[in-house]
Amino acid sequence: MNNKEEISIEKISELLKKSETDDGTFYGALYDLYLLIGIAKGIDDIKYGRGMTLQESKERMMRKYENYNRRYGS
């Protein structure tokens, strides 16, 4: 099983050229690239079974912040 993202530089360049940024700046293009990479990683995680359901996510967050809630209330 290959679990590395396979996005070529050419594909990234093509997507960024087609992308219209909100402000038309280099920083806007970098944000688009960051977003594209995040989406690709999410798709890869789902493809290889590394995702979780909303319920699993809620349970994990409750465990993680259980001590915080006891200490500071909420």
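D45 is partly exposed, at 30% relative accessibility; this class lies between buried (under 20% relative accessible area) and exposed (over 50%), computed with a 1.4 Å probe on protein chains only. The model is predicted, so local features need pLDDT of at least 70 and side-chain atom pairs count only at pLDDT 80 or more, whereas totals for chains, interfaces and linings use all residues. Residues are numbered from 1 along each chain as its sequence is written, and side-chain values use heavy atoms, with hydrogens and water left out.

D45 forms a salt bridge with R50, with 2.9 Å between the closest N and O atoms. A salt bridge here is a side-chain nitrogen of Lys or Arg within 4 Å of a carboxyl oxygen of Asp or Glu. R50 also forms a salt bridge with D44, where the closest N and O atoms are 2.8 Å apart. The structure holds 2 salt bridges. D44, D45 and R50 are thus linked in a network. D44 counts as buried, at 7% relative accessibility. R50 is partly exposed, at 37%. Side chains of opposite charge can pair when their charged atoms come close.

The protein has 4 helices and 0 strands. Its pattern along the sequence is α-α-α-α. Helices (H or I, at least four residues) and strands (E, at least two) are DSSP runs, numbered from the N terminus. Confidence is given by pLDDT, the predictor's score for each residue from 0 to 100. The protein averages 78, and 80% of the residues score at least 70. Among the elements, helix α3 (residues 54–64) has the highest mean pLDDT, 90, and helix α4 (residues 66–72) the lowest, 71.

Helix α2 has 22 residues and spans 31 Å from its first C-alpha to its last, close to the 32 Å expected at 1.5 Å a residue. The expected span is 1.5 Å times one less than the number of residues. The buried residues of α2 are G28, D32, L33, A40 and D44. Seen down the axis of α2, they fall within an arc of 150 degrees, so they line one face of the helix. The arc is taken over the directions from the helix axis to the C-beta atoms. On the other side of α2, Y27, Y31, Y34 and I46 are exposed.

Y31 and Y34 also join L35, I39 and I43 in a nonpolar surface patch, with about 590 Å² of accessible area together. Such patches join nonpolar side chains (Val, Leu, Ile, Met, Phe, Trp, Tyr) within 5 Å, or like charges within 9 Å, from residues with over 30% relative accessible area and no salt bridge. I39 lies in helix α2 (residues 26–47). I39 is partly exposed, at 48% relative accessible area.

Buried residues make up 9% of the 74 residues. The accessible surface comes to about 6,800 Å², of which 56% belongs to carbon and sulfur atoms.

Conventions:
Areas by Shrake-Rupley, 256 points an atom, 1.4 Å probe, with all protein chains shown as cover.
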